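Here's a quick briefing to read alongside the sequence and the 3D view. Have both open, and let's go through it topic by topic.

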Amino acid sequence: MFFVPLKKFLALALLLCSLPSLSNGACGSFPPLDWTTHCQDPVDKTWHAIGSKWRNSRCMDCTCNRCCDAYSTPSQFPNDCVSVFDSEACVYRVHKRDDPTVECPIFGSVGK
């Protein structure tokens, strides 16, 4: 009798552990310097109005409370491929090692 609820609990725990994280893995918080009207981007040192959103030069989407990576990092792709970060588009491109014109599939990624 005791084993039925335990089995259900273990099945639920296994399911929850296998779900991908819903949080952004690459975020950082920072205190605003002037709470009344503006805050300063910690990377670019540019000023932004409270309540605004922006993307800085390190491809981070920011608010006055925090900045998070605006991209995900490929973690699973074929061995004959390589991932290269495109800082203009703020994305990783995965292509064949010996032919950059041939894109590769991405099976898993981390972040965003």
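Leaving aside residues up to four places away in sequence, Ala-49 touches Thr-37, His-38 and Cys-64. Bear in mind while looking at these contacts that the model is predicted. The rest of the rundown is below, starting with that alanine.

**Around Ala-49**
- Ala-49 sits in strand 3, which covers residues 47-49.
- Is Ala-49 buried, partly exposed or exposed? Its relative accessible area is 35%, so Ala-49 falls in the partly exposed class, given that buried means under 20% and exposed over 50%.
- Thr-36 is 13 residues away from Ala-49 along the chain, and the C-alpha atoms of the two are 9.3 Å apart.

**Around Cys-68**
- Look for Cys-68 in strand 6, residues 66-69.
- Cys-68 is buried because its relative accessibility is just 8%, and the cut-off for buried is under 20%.
- Between the C-alpha atoms of Cys-68 and Arg-55 there's a gap of 9.4 Å, with the two residues 13 apart along the chain.

**The three-stranded sheet**
- Strands 8, 9 and 10 make an open sheet, in the order 8-9-10, with antiparallel pairing.
- Why does one side of strand 8 (81-86) and of strand 10 (99-103) lack a neighbour in the sheet? Both stand at the edges and have a single partner strand each, so one side of each is left without a neighbour there.
- Ignoring direction, neighbouring strands in this sheet are turned by 55° against each other on average.
- As background, the strands of a sheet pair through backbone hydrogen bonds, in either a parallel or an antiparallel way.

**Strand 8 with strand 9**
- These two run antiparallel, and six bridges join strand 8 to strand 9 (residues 91-96).
- To find your way along the pairing, start from Val-84, whose bridge partner in strand 9 is Arg-93.
- Val-82 is another handy marker: opposite this valine, in strand 9, stands His-95.
- Strand 8 and strand 9 form a hairpin with four residues between them. In that turn, Cys-90 has a positive phi of about 60°.

**Strand 9 with strand 10**
- Here two bridges do the joining, and the strands again run antiparallel.
- Which residue of strand 10 is the bridge partner of His-95? That's Glu-103. His-95 therefore has a place in both pairings, as the residue opposite Val-82 and as the bridge partner of Glu-103, if you take the bridges as DSSP finds them.
- Strand 9 connects to strand 10 by a hairpin, through two residues.

**The whole chain**
- The chain has one helix and eleven strands.
- Reading along the sequence, you get α-β-β-β-β-β-β-β-β-β-β-β.
- Of its 112 residues, 21% count as buried.
- Take the contacts between residues at least 6 apart in sequence: 34% of them join residues at least 24 apart.
- About 8200 Å² of the chain is exposed, and carbon and sulfur atoms supply 60% of that area.

**Confidence**
- The average pLDDT for the chain is 80, and 72% of the residues score at least 70.
- Where is confidence lowest, and where is it highest? Helix 1 (residues 3-18) is at the bottom with a mean of 43, while strand 9 is at the top with 97.
- Residues 9-24 have a pLDDT below 50, and beyond near neighbours in sequence this stretch has three contacts in the model.

Key: Residues are numbered from 1 along each chain as its sequence is written. This is a predicted model: local features need pLDDT of at least 70, side-chain atom pairs count only at pLDDT 80 or more; totals for chains, interfaces and linings use all residues. Side-chain values use heavy atoms; hydrogens and water are left out. Axes are lines fitted to C-alpha atoms, for helices over the stretch in contact, and angles run from 0 to 180 degrees between N-to-C directions. Buried means under 20% relative accessible area, exposed over 50%, partly exposed in between (1.4 Å probe, protein chains only). Contact means heavy atoms within 4.5 Å. Accessible areas come from the Shrake-Rupley method with a 1.4 Å probe; for residues, only the protein chains shown count as cover. pLDDT is the predictor's confidence in each residue, from 0 to 100.
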